[in-house]
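User: Let's go through this model piece by piece. I'll ask, and please keep the cut-offs explicit.

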Amino acid sequence: MSNYYPDKFVIVKVTSPDYGTLYRVLASWYGGYTGSNSWKLSSGITKITKTDTGYEFLNHSGSVYFGSKEIYGMSSYTMSIYSGFVDQLKEAGEGHSIEVIDEEAIDTLEV
C-alpha cells in the first residue's frame, strides 16, 4: 500500500465490455529542473473520502491518492497521456471509452 500526493490529478471514468466501469485517478507530478515529469493511473477507486481541503481516494490495490481541490486538472503533459488513452480505446472498438469527470461530480460518484 502506497500513499500518493500528485501535483495535478483528475478522475477518469474507464469503461470496457470486459471490466465494466471503473473510476480511476490519473495523477501527475512535475519533474522540475533536473527530473522528468511522471504520471500514474490508479487501479480503480473503491472509496472516496471528502476532506476539508479535497479528497482521499482508496484504490483496489490499497493505495491512497490525496488530492486537494486546487490541483484538480491536467497539465499539458497529462493531457498528452490522456489523449493517448483515448486513441487506444478507440482502436479497441465499441464499448471502450474514457472520460474526465468534472470535479463537481466527484461527490456523487458511486464506486
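User: Leaving aside its neighbours within four places in sequence, which residues is Trp-39 in contact with?

Analyst: Heads-up that this is a predicted model: local features need pLDDT of at least 70, side-chain atom pairs count only at pLDDT 80 or more, and totals for chains, interfaces and linings use all residues. Residues are numbered from 1 along each chain as its sequence is written, and side-chain values use heavy atoms, with hydrogens and water left out. Contact means heavy atoms within 4.5 Å. With neighbours within four places set aside, Trp-39 is in contact with Leu-26, Ala-27, Ser-28, Trp-29, Tyr-77, Ile-81 and Phe-85.

User: Is Trp-39 buried, partly exposed or exposed?

Analyst: Trp-39 lies in strand β4; strands (E, at least two residues) and helices (H or I, at least four) are DSSP runs numbered from the N terminus. The scale is relative accessible area with a 1.4 Å probe and protein chains only: buried is under 20%, exposed over 50%, partly exposed in between. Trp-39 comes out at 33%, so the label is partly exposed.

User: In β4, which residue is the bridge partner of Ala-27?

Analyst: Two strands pair if DSSP finds at least two bridges between them. Here 4 bridges join β3 to β4 (residues 38–41), and the two run antiparallel. In β4, Ala-27 is matched with Lys-40.

User: And over how many bridges do β2 and β3 pair?

Analyst: β2 and β3 form a hairpin that has 3 residues between them. One of the pairs puts Ile-11 against Val-25 in β3. The two strands pair in the antiparallel sense, and the bridge count is 9.

User: Which residue's side chain makes a polar contact with that of Ser-28?

Analyst: Ser-28 lies in strand β3 and is buried, because its relative accessible area is 3%. Beyond four places in sequence, Ser-28 touches Pro-6, Asp-7, Lys-8, Ser-38, Trp-39, Ser-75 and Thr-78. A polar contact is a pair of N or O atoms within 3.5 Å; within protein, one must be able to donate a hydrogen and the other to accept it, and residues adjacent in sequence count only if both atoms are side-chain atoms. At 2.8 Å, the side-chain partner of Ser-28 is Thr-78.

User: What is the order of the strands in the open sheet?

Analyst: Strands of a sheet pair through backbone hydrogen bonds, either parallel or antiparallel. This open sheet has 4 strands with mixed pairing, in the order β1-β7-β6-β5.

User: Which are the edge strands?

Analyst: An edge strand here pairs on one side only. That description fits β1 (3–4) and β5 (45–50).

User: Which residue in β6 is the bridge partner of Lys-47?

Analyst: A hairpin of 3 residues joins β5 to β6. β5 and β6 (residues 54–59) pair in the antiparallel sense over 5 bridges. In β6, Lys-47 is partnered by Leu-58.

User: In the hairpin of β6 and β7, which residue takes a positive phi?

Analyst: β6 and β7 (residues 64–68) are antiparallel, with 5 bridges, and Phe-57 stands opposite Tyr-65 in β7. Their hairpin has 4 residues between the strands, and the positive phi, near 100°, belongs to Gly-62.

User: The side chain of Asn-59 reaches the backbone oxygen of which residue?

Analyst: Asn-59 sits in strand β6 and counts as buried because its relative accessible area is 3%. Past four places in sequence, its contacts are Ser-42, Ser-43, Gly-44, Ile-45, Thr-46 and Tyr-65. At 3.1 Å, the Asn-59 side chain reaches the backbone oxygen of Phe-57.

User: How far apart in space are Ile-45 and Leu-26, C-alpha to C-alpha?

Analyst: Ile-45 is in strand β5, and its relative accessible area of 5% makes it buried. Outside the four-place window, the contacts of Ile-45 include Tyr-23, Arg-24 and Val-25. Ile-45 and Leu-26 are 19 residues apart in sequence, and their C-alpha distance is 11 Å.

User: What volume does the largest pocket have?

Analyst: On a 1 Å grid over the protein atoms alone, a pocket is an open set of points where a 1.4 Å probe fits, with protein on both sides within 12 Å along at least five of seven lines; lining residues have an atom within 4 Å of a point. Grid points are joined across faces, edges and corners, and a volume is the space filled by probe spheres set on the points. For the largest pocket, this gives about 210 Å³.

User: Of the residues that line the largest pocket, which are the closest to its centre?

Analyst: β2 (8–16), β3 (20–29) and α1 (76–92) each supply at least two residues of the lining. The lining has 13 residues, and the closest to the centre are Val-14, Ser-16, Tyr-19, Arg-24 and Leu-89.
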